[in-house]
Amino acid sequence: MFDVILLFIIAFAGGIIAIIGFFVILGRRISEPKKALQQRIDNLEEEVWKLKNPKV
């Protein structure tokens, strides 16, 4: 009986870890494009600032 309970606990813990890992990967995939877009916006803003202020 103890073996069955131990296997159940291990399987339950593995399931929890798998679910957490899934949500971590999903969160990274969602936030990654936003970071790239924000970097492009920052670069464009810097370029516009340089064009408006050529002497600085």
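A residue counts as exposed when its relative accessible area is over 50%, as buried when that area is under 20%, and as partly exposed in between. The exercises below apply this and related criteria to a predicted model.

**Exercise 1. Accessibility classes**

Task: Determine which class, buried, partly exposed or exposed, applies to F23, to M1 and to L26.

Solution.
1. F23 has a relative accessibility of 53%, and therefore counts as exposed.
2. M1 stands in the segment before α1. Its relative accessibility is 78%, so M1 is exposed as well.
3. L26 belongs to helix α1. With 37% relative accessibility, L26 is classed as partly exposed.

**Exercise 2. Geometry of the helix**

Task: State how far α1 reaches from its first C-alpha to its last, set this against the expected span, and locate the kink in α1.

Solution.
1. Helix α1 covers residues 2-52, and its number of residues is 51.
2. The expected span is 1.5 Å times one less than the number of residues. For α1 this expectation is 75 Å, and the distance from first to last C-alpha, 75 Å, is close to it.
3. The helix has a kink of about 25° at S31, shortly before the proline P33.
4. Separations between C-alpha atoms complete the picture. M1 and I17, 16 residues apart in sequence, are 25 Å apart in space. For L26 and W49, a sequence separation of 23 residues goes with 36 Å. D42 and I9, at 33 residues, are 49 Å apart.

**Exercise 3. Aromatic pairs**

Task: Establish how many aromatic pairs there are and how the rings of F8 and F12 are arranged.

Solution.
1. Ring centres must lie within 6.5 Å for a pair to be counted. The count is two aromatic pairs.
2. F8 and F12 meet this criterion with 6.4 Å centre to centre, and with 25° between their planes the pair is stacked.
3. F8 and F12 are about one helical turn apart, because four residues separate them in helix α1. Residues three or four places apart in an α-helix point the same way, because there are 3.6 residues a turn.
4. Both F8 and F12 are exposed.
5. The ring centres of F22 and F23 are 5.5 Å apart; the planes stand at 70°, so this pair is edge-to-face.

**Exercise 4. The nonpolar surface patch**

Task: Name the residues that form the nonpolar patch on the surface and give their accessible area together.

Solution.
1. Membership requires over 30% relative accessible area, and nonpolar side chains are joined within 5 Å.
2. The patch consists of M1, I5, F8, I9, F12, I16, I20 and V24, with about 860 Å² of accessible area together.
3. I16, a residue of helix α1, is partly exposed because its relative accessibility is 39%.

**Exercise 5. Charged side chains**

Task: Find which residue forms a salt bridge with K50, and give the distance between the closest N and O atoms.

Solution.
1. Side chains of opposite charge can pair when their charged atoms come close. The cut-off for a salt bridge is 4 Å.
2. K50 pairs with E46, and their closest N and O atoms are 3.3 Å apart. The structure holds one salt bridge.
3. The two partners, K50 and E46, both lie in helix α1, four residues or about one turn from each other.
4. E46 has a relative accessible area of 43% and is therefore partly exposed.
5. D42 is also found in helix α1. Its relative accessible area is 34%, so D42 is partly exposed.

Definitions and conventions:
Residues are numbered from 1 along each chain as its sequence is written. This is a predicted model: local features need pLDDT of at least 70, side-chain atom pairs count only at pLDDT 80 or more; totals for chains, interfaces and linings use all residues. Side-chain values use heavy atoms; hydrogens and water are left out. Patches are made of residues with over 30% relative accessible area and no salt bridge: like charges are joined within 9 Å, nonpolar side chains (Val, Leu, Ile, Met, Phe, Trp, Tyr) within 5 Å. Accessible areas come from the Shrake-Rupley method with a 1.4 Å probe; for residues, only the protein chains shown count as cover. Helices (H or I, at least four residues) and strands (E, at least two) are DSSP runs, numbered from the N terminus. Buried means under 20% relative accessible area, exposed over 50%, partly exposed in between (1.4 Å probe, protein chains only). The bend at a residue is the angle between axes fitted to the seven residues ending there and the seven starting there. Rings of Phe, Tyr and Trp (its six-membered ring) pair if their centres lie within 6.5 Å; planes under 30 degrees apart count as stacked, over 60 as edge-to-face and the rest as tilted.
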